[in-house]
Amino acid sequence: RSYTLPAIRQTLAIPRMRRLNKLLHQQERHDFLSLSNILRDHFEGEITQPRFDACTGNFYSICMHPMCWGESETTASLLCRWDEQLGVIGSWCPCQPCLSVYLPVYFTGYLPQTLAAPGKYFDENSLWWKVKRLILAVSADEARFAPNVQKACAMLDIRLTAWASQEEAVAKKLLAQGKREEAFTRLNHLM
């Protein structure tokens with residue numbers, strides 16, 4: 001503060017930081033679902049909630065949408081936690097979290113091809129580009145399309161979280177039996 005002139009980007013970051021801190025402190029412990037919901041936030045329920053829609057991009061919230069090409073936006077997010085047996089367990093979201101789903105990611109040395117091919121231009125084999133196209137379609141009329149996409153993503157998040165929990169439990173048992181390759185194969189299949 002002492003040596004820097006205020007910049008627009010700093011001014012815009014302050015409300016996002018305050019909102020993030022408020023949401024983080026609303027509960028004592030978090031899991032992937034609670035944290036992913038925080039990353040989806042557009043000041044819902046607050047007086048500062050967007051008057052038009054979150055996809056217009058002229059509103060700086062935790063989940064950011066671009067107003068035009070080249071503007072700041074949430075391009076992806078990754079949540080991680082440590083497990084004593086499995087190591088780092090991740091939950092990855094392509095593009096803006098409010099219109100996407102968090103996918104389980106395991107650091108087993110394997111990366112599905114659909115996750116490895118984002119590229120600079122659209123690629124039919126890239127999950128990131130497919131989600132980006134969906135978000136661009138929704139942004140044409142967010143009030144009309146977003147509620148259905150968000151509802152479907154929320155249900156899928158819950159199903160994936162439950163499936164991941166089951167597969168992680170099986171993988172831990174396999175690891176305890178010395179069956180590392182079989183455990184990793186299950187986690188890779190889930191990814």
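**Figure 1. Glutamate 124 pairs with lysine 130 in a salt bridge.** The closest N and O atoms of glutamate 124 and lysine 130 are 3.8 Å apart. That falls inside the limit, because a salt bridge needs a Lys or Arg side-chain nitrogen within 4 Å of a carboxyl oxygen of Asp or Glu. Lysine 130 counts as partly exposed because its relative accessibility is 41%. The view, like those that follow, is taken from a predicted model. Six salt bridges are counted in the structure.

**Figure 2. A salt bridge joins helix H5 to helix H6.** The partners are glutamate 167 and arginine 186, with N and O 2.8 Å apart. Glutamate 167 belongs to H5 and arginine 186 to H6, so their contact ties together parts 19 residues apart in sequence. Glutamate 167 is buried, at 11% relative accessibility. Arginine 186 is partly exposed, at 33%.

**Figure 3. A salt bridge joins helix H5 to strand E1.** Glutamate 168 meets arginine 81 here, and their closest N and O atoms are 2.7 Å apart. Glutamate 168 sits in H5 and arginine 81 in E1, so the bridge ties together parts 87 residues apart in sequence. How accessible is glutamate 168? Its relative accessibility is 9%, so glutamate 168 counts as buried. Arginine 81 has a relative accessible area of 35% and is partly exposed. Side chains of opposite charge can pair when their charged atoms come close.

**Figure 4. Phe122, Trp128 and Trp129 form a cluster linked by ring pairs.** The structure holds two aromatic pairs. In one, the ring centres of phenylalanine 122 and tryptophan 129 are 6.3 Å apart and the planes lie at 75°, so the pair is edge-to-face. Tryptophan 128 and tryptophan 129 make an edge-to-face pair with centres 4.9 Å apart and planes at 90°. Both tryptophans, 128 and 129, are buried. For tryptophan 129 the relative accessibility is 14%. Phenylalanine 122 is partly exposed, with a relative accessible area of 31%.

**Figure 5. Arginine 133 lies over the face of phenylalanine 122.** The distance from arginine 133 to the ring centre is 3.6 Å. Phenylalanine 122 also pairs edge-to-face with tryptophan 129. The ring of phenylalanine 122 thus appears in two contacts, one with arginine 133 and one with tryptophan 129.

**Figure 6. The largest nonpolar core has 20 residues.** Which residues have the most contacts inside this core? They are Leu86, Ile89, Trp92, Leu103, Tyr106, Ala171 and Leu187. At least two core residues come from each of strand E2, strand E3 (103-106), helix H5 (142-176) and helix H6 (180-190). H5 gives the largest share, with four residues. In soluble globular proteins, nonpolar side chains tend to be buried together. Across the protein, buried residues make up 38% of the 191 residues.

**Figure 7. Leu78, Trp82, Val88 and Phe107 make a nonpolar surface patch.** The patch covers about 430 Å². Valine 88 lies in strand E2, which spans residues 87-94. Is valine 88 buried or partly exposed? Valine 88 counts as partly exposed because its relative accessibility is 31%.

**Figure 8. Cysteine 98 sits in the loop between E2 and E3.** Cysteine 98 is buried, at 5% relative accessibility. Histidine 42 is 56 residues away along the chain. The C-alpha atoms of cysteine 98 and histidine 42 are separated by 8.5 Å.

**Figure 9. Glutamate 44 sits in the loop between helix H2 and strand E1.** Helix H2 covers residues 32-39, and strand E1 covers 76-83. Glutamate 44 is partly exposed, at 40% relative accessibility. Serine 61 is 17 residues from glutamate 44 in sequence. From C-alpha to C-alpha, glutamate 44 and serine 61 are 9.8 Å apart.

**Figure 10. The protein has six helices and three strands.** Along the sequence the pattern reads α-α-β-β-β-α-α-α-α. Strands E2 and E3 are separated by the loop that holds cysteine 98.

Definitions and conventions: Residues numbered from 1 in each chain as written. Predicted model: local features only at pLDDT ≥ 70, side-chain atom pairs only at ≥ 80, totals over all residues. Heavy atoms only, no water. Patch = residues over 30% accessible without salt bridge, like charges linked within 9 Å, V, L, I, M, F, W, Y side chains within 5 Å. Areas by Shrake-Rupley, 256 points an atom, 1.4 Å probe, with all protein chains shown as cover. Buried < 20%, exposed > 50% of the residue type's maximum accessible area, 1.4 Å probe, protein only. Phe/Tyr/Trp six-rings, centres within 6.5 Å; stacked < 30°, edge-to-face > 60°. Lys NZ or Arg CZ within 6 Å of the ring centre and 35° of its normal. Core = buried A, V, L, I, M, F, W, Y, C linked by side-chain atoms within 4.5 Å.
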